[in-house]
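Open the model in your viewer and turn on the cartoon display. The tour below goes from selection to selection, starting with the sheet.

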Amino acid sequence: MLRLPRSPKTPNLPRLLSKLSALIIPHSCPLCSRMVDREGAICSACLSQIPYIDRQTCSICGNILGFDYDPGEILNYTCGECRLHPPPFKKSLSAAPYEGGMKKLLRKFKYDGKEFLGGEIASIIFDRCKEMISGNNFDIMTGVPLHIKALKKRGFDQSFILAEHIGGMSGLSQTPEIIVRIRDTASQTHLRRRERIENVKGAFRLAENAAAIIKGKKILLVDDVSTTGGTIRECAKTLMKGGAKEVSAITAARA
Ligand SMILES: [Zn+2]
Ligand SMILES: [Zn+2]
């Protein structure tokens with residue numbers, strides 16, 4: 001398969017410091033500081049406290065529903081949003097709710113420069129989404145890209161790191177830079193749900209030469225957190241318009 005160039009990795013001080021300290025200080029669990037046998041490993045006690053999504057979710061977009069239904073009566077329940085506006089993706093699945101241990105892990109991974117946590121987060125995603133990954137015969141896997149400005153600030157692209165590790169576990173290697181984020185939508189925290197969905201519209205375009213790679217292909221997108229589903233929707237729209245056959249997505253957490 002033709003591989004496009006990787007995202008540039010820029011030097012970044014927190015990332016450098018975290019690498020240096022890992023050489024000097026013995027490894028400890030990033031969540032509780034108990035001693036562990038390797039860098040980035042989460043101790044079994046903390047791992048057991050990263051909850052599964054135990055509330056009922058939409059069978060397409062994976063959003064957590066605000067009510068319960070009897071799965072024995074209604075198989076594959078679809079939320080109102082997906083019925084009114086069918087999304088451009090087949091399915092979006094998350095490994096855990098964005099709370100507790102997973103929230104802490106993702107914050108350390110993204111904002112404290114702890115790039116090495118990507119492997120552990122990816123293994124939680126793989127463990128909880130492996131049936132979907134193996135059951136869909138995907139041709140291509142790719143991360144949802146950061147904007148170049150955010151990439152320079154952070155020094156690494158978290159979703160590419162996650163996809164790279166998931167590739168090692170699933171055998172479906174990552175093809176990076178199929179899509180490009182053309183608008184910096186990094187700071188969305190002040191926006192309401194509907195505003196976030198609007199804000200991310202038109203934020204992506206297909207990378208140069210990517211049309212030939214994705215034509216007729218089944219694509220799996222990887223991202224860290226899905227809040228409104230708007231980012232996944234926009235990426236999937238870009239890929240489907242560009243000629244992909246089908247797009248699905250996995251994320252570490254669902255807000
Ligand atoms: Zn721990
Ligand atoms: Zn839905």
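Two strands count as paired if DSSP finds at least two bridges between them. With that in mind, select strands S5 and S6: Leu 221 has Ala 249 in S6 as its bridge partner. The model on screen is a predicted one.

**The whole chain**

Before zooming in, show everything. The protein chain holds 10 helices and 6 strands. Of its 255 residues, 35% are buried. Among contacts with a separation of 6 or more, 74% are between residues 24 or more positions apart.

**The sheet**

Select S1, S6, S5 and S2. In that order they form an open sheet of 4 strands with parallel pairing. S1 and S2 are the edge strands, each with a single partner, so one side of each has no neighbour in the sheet. From one strand to the next the twist averages 20°. Now add helix H4, which packs on the sheet and touches S1, S5 and S6. The direction of H4 makes about 100° with that of S6.

**Strand S5**

Keep residues 218-226, which are strand S5. How many of the 9 residues of S5 are buried? The count is 7, so S5 is largely enclosed by the rest of the structure. On the S6 side, the two strands pair in the parallel sense over 8 bridges. One residue to label there is Ser 226, whose bridge partner in S6 is Arg 254.

**Strand S2**

Move to residues 140-143, strand S2. S2 runs parallel to S5 and is joined to it by 4 bridges. Label Ile 140, which stands opposite Ile 219 in S5, then Gly 143, which stands opposite Val 222. Side chains in a regular strand alternate between the two faces of the sheet. In S2, Ile 140 and Thr 142 point one way, while Met 141 and Gly 143 point the other way. All of these residues are buried.

**Pro 97 in strand S1**

Go to the other edge and select Pro 97, found in strand S1 (residues 91-97). Is Pro 97 buried, exposed or partly exposed? It is partly exposed, because 18 other C-beta atoms lie within 10 Å, and a buried residue would need 20 or more. Leaving aside neighbours within four places in sequence, Pro 97 is in contact with Pro 51, Ile 53, Ala 253 and Arg 254. Show Ala 255 as well: its C-alpha atom is 6.1 Å from that of Pro 97, although the two are 158 residues apart along the chain.

**Helix H7**

Select residues 158-170, helix H7. At 1.5 Å a residue, its 13 residues should span 18 Å, and the end C-alpha atoms are 18 Å apart, which agrees. The buried residues of H7 are Gln 158, Ser 159, Phe 160, Ile 161, Leu 162, Ala 163, Glu 164, His 165 and Ile 166. To see what covers them, show H4, H5, S2, S5 and S6, which are included in that cover. Just past the helix, Gly 171 takes a positive phi of about 80°.

**H5 against H7**

Finally, show H5 (118-135) together with H7. The two pack at an angle of about 60°, with axes 9 Å apart. That makes H5 oblique to H7. Residues making the contact include Gly 118, Ile 121, Ala 122 and Phe 126 of H5, and Ile 161, Leu 162, His 165 and Met 169 of H7. The crossing of H5 and H7 is right-handed.

Notes:
Residues are numbered from 1 along each chain as its sequence is written. Chains are lettered from A and ligands numbered from 1 in the order in which they are written. This is a predicted model: local features need pLDDT of at least 70, side-chain atom pairs count only at pLDDT 80 or more; totals for chains, interfaces and linings use all residues. A residue is buried if 20 or more other C-beta atoms lie within 10 Å of its own, exposed if 12 or fewer, and partly exposed in between; C-beta atoms are placed from the backbone. The expected span of a helix is 1.5 Å times one less than its number of residues. Two residues are in contact if their C-beta atoms, placed from the backbone, lie within 7 Å. Axes are lines fitted to C-alpha atoms, for helices over the stretch in contact, and angles run from 0 to 180 degrees between N-to-C directions. Angles under 35 degrees count as roughly parallel, over 145 as roughly antiparallel, 65 to 115 as roughly perpendicular and the rest as oblique. A crossing is left-handed if the near helix is turned anticlockwise from the far one by less than a right angle, and right-handed if clockwise.
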